[in-house]
Amino acid sequence: MKYMRYGGEYEIEDRAGLLRRAGRIGRHLLRPALWAFTITLVATVARLLGPVVVGRGIDDGIAAQDKNAITTAAVIYLVLLGVQYASQRVSQYAIARVGEQFLLRLRSRVFSHLTRLDMPFYDNAKTGVLVSRMTADIESITEFVNEGAVLALTNALTTIGVAVAMMVLDMQLALAVFVVIGMVVLISVLFQRTVSTAYARVRESIGRVLASLQEGLTGVRVVQAFTQEGPQSANFGRVNERYFEANMTAARAISWYFPAINFLRTAGIAVVLFIGGTRVISGDLSFGVLVAFLLYLNWFFEPIINLANVYNLFQASLAALAKLFELLDAKPKVVERPDPDRLPDAVAGELALEDVSFGYVEDLVLEDFSLVVPAGQRLAVVGETGAGKSTVAKLLMRFYDPQRGRVTIDGHDLRDLAFTSRARAIALIPQDGFLFDGSLRDNLRYARPGADDQAIWDVCRAMGIDGWVRSLPDGLDTEVRERGSRFSAGERQLVALGRAFLADPAVVVLDEATSNLDPETEVQVEGALRIVLAGRTAVVIAHRLRSAERADRVVMVDAGRVIADGTHDELVATSREYQALVEVWHRGVA
Ligand SMILES: Nc1ncnc2c1ncn2[C@@H]1O[C@H](COP(=O)(O)OP(=O)(O)OP(=O)(O)O)[C@@H](O)[C@H]1O
Ligand SMILES: [Mg+2]
């Protein structure tokens, strides 16, 4: 007998609503689902007819001494067996297919929704939780779909079918059986409750045991250095003990349940044999019907036990579904306007923040912040950590919308622009060049998927990285692997720059794009940067002297306000705060 290690407390508020919503996601599966149901019904009926045929064989054949009747019964039985075999195979497959297709759609719904959610959402979400939605929760639904759905449907149909068949055959005997079955249902429900809370505790304590084990092992040097082996073991011992207790609760429940079920099974047979046998002797019941009953009786127990098992699986997957729906209900705040404006092909690239006030949560990070960057200017934004420099960059990318004021490009409010239009006009180069799994070519043309090799090589030559690309084992076909782990930080940054260059945006925003690099690589990246930035508006968030010196203009930000604005030389001459910052930079470089 198999029992599933699932269970625990699941608070499911609106079960009907959940199921309706799941139904809407699987609406396209109505036809295959009906087919799966029908064929499962056929399989069940074929199976249920077996005992009836056996009973008739006994009554019409053996009792009546009619060989033909026996042959007929045997042939019909064989045919039923064939039908059962064939339909069961089709049914298993059909149910699995419906379930898998439902999961297929659910997974892609959740994933595509996740890619559309905005930065405010990701600021508040824990990546671990999101990953567990896509793995553990989906897995729990998958488990129900793979094992539970087939079990649930076939067993529910069998239980109903057996009950109906018994009532049709003989009402009085059926009622006697139902009393026994009632007890089976009762103790199965009790058992499932006990065992599911026990398993929930087992799972929880497995987590604790593992955590304690890991802590003890990874910290083994510290443990030994302070001779804390004793307390550490005692600590593990407590957790270990709880794990033991939880498992024993489950074991106790299992140790009374299965014997009890077996007892009831035998008792059921005894009851039927006694009542039925007495009535056969008094001529009130045929012998064949009695045999059919005894055969059915066996089929009554298994499905009920299975159903009780599947119920936990069902609960767990409903809970997972509820969590996934919650995720699907998260609405992005940064959204595209219906019928948005589009920028012309030739974008000048004048940027402006007009009286912008913005805060991630309640406190404002930028207050009445105004800044105009003329087209083609290279602007350096400097300031202490936490001043709000990256926040300006994120607003320029429209990762967030300001609470007050507007952010514009060529006079268009970013909120009025189509996402694609904005993305074509403004490129962000973050601190760490992010590479995707795939070839170098795919990574370079990420923002312009149609670009041919000619265009890619042109860009590489212009940036002076064609020699490097050629030196790679497979040139443009070189596989980047996870996050570009085979490239250095500088090389990744060069690829990110090449990507932006190829996309040919009017505006480039760099957030400390060279701060991760060693001086030598930085020179190379700086060289490429000069080429990429030529003729474009650039907002460079700088935290090195050289980046500020190279800019046409420097803006110093402090506590969300512009406190100095001018060329590097002007600021050195006029701004005390800037002098202090330059002083810090000098010391850092020296
Ligand atoms: N996602 C966020 N949620 C809440 N507060 C944030 C978030 N990002 C930044 N902040 C806060 O906003 C303020 C400005 O942060 P910002 O990242 O713009 O600073 P910065 O000037 O780029 O600093 P650094 O030089 O360290 O990168 C800080 O007080 C920071 O704590
Ligand atoms: Mg920053």
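Ligand 1 is surrounded by 13 residues in this predicted model. The closest are Thr385, Gly386, Lys389, Ser390 and Thr391. By class, the shell divides into 4 nonpolar, 5 polar and 4 charged residues. Helix H10, which spans residues 389-396, gives the largest share of the shell, with 4 residues.

Polar contacts of ligand 1 involve both side chains and backbone. Three are listed here.

| Ligand 1 atom | Protein partner | Distance |
|---|---|---|
| nitrogen | N or O atom in the side chain of Asp123 | 3.1 Å |
| oxygen | N or O atom in the side chain of Thr385 | 2.4 Å |
| oxygen | polar backbone atom of Ala387 | 3.2 Å |

On its own, ligand 1 has 630 Å² of accessible area, and the protein covers 63% of that. Thr385 appears twice in this picture: it is among the closest residues to ligand 1, and its side chain has an N or O atom 2.4 Å from a ligand oxygen.

A second feature lies on the protein surface. Ile160, Val164, Met167, Val168, Met171 and Leu175 make a nonpolar patch of about 570 Å². Two elements each give two or more residues to the patch: helix H5 (127-169) and helix H6 (171-218). H5 supplies the largest share, 4 residues. Leu175, one of the patch residues, is found in helix H6.

Terms used. Residues are numbered from 1 along each chain as its sequence is written. Chains are lettered from A and ligands numbered from 1 in the order in which they are written. This is a predicted model: local features need pLDDT of at least 70, side-chain atom pairs count only at pLDDT 80 or more; totals for chains, interfaces and linings use all residues. Side-chain values use heavy atoms; hydrogens and water are left out. A residue is near a molecule or strand if one of its heavy atoms lies within 4 Å of it. A polar contact is a pair of N or O atoms within 3.5 Å; within protein, one must be able to donate a hydrogen and the other to accept it, and residues adjacent in sequence count only if both atoms are side-chain atoms. Accessible areas come from the Shrake-Rupley method with a 1.4 Å probe; for residues, only the protein chains shown count as cover. Ala, Val, Leu, Ile, Met, Phe, Trp, Tyr, Cys and Pro count as nonpolar, Asp, Glu, Lys and Arg as charged, and the others, Gly among them, as polar. Patches are made of residues with over 30% relative accessible area and no salt bridge: like charges are joined within 9 Å, nonpolar side chains (Val, Leu, Ile, Met, Phe, Trp, Tyr) within 5 Å. A salt bridge is a side-chain nitrogen of Lys or Arg within 4 Å of a carboxyl oxygen of Asp or Glu.
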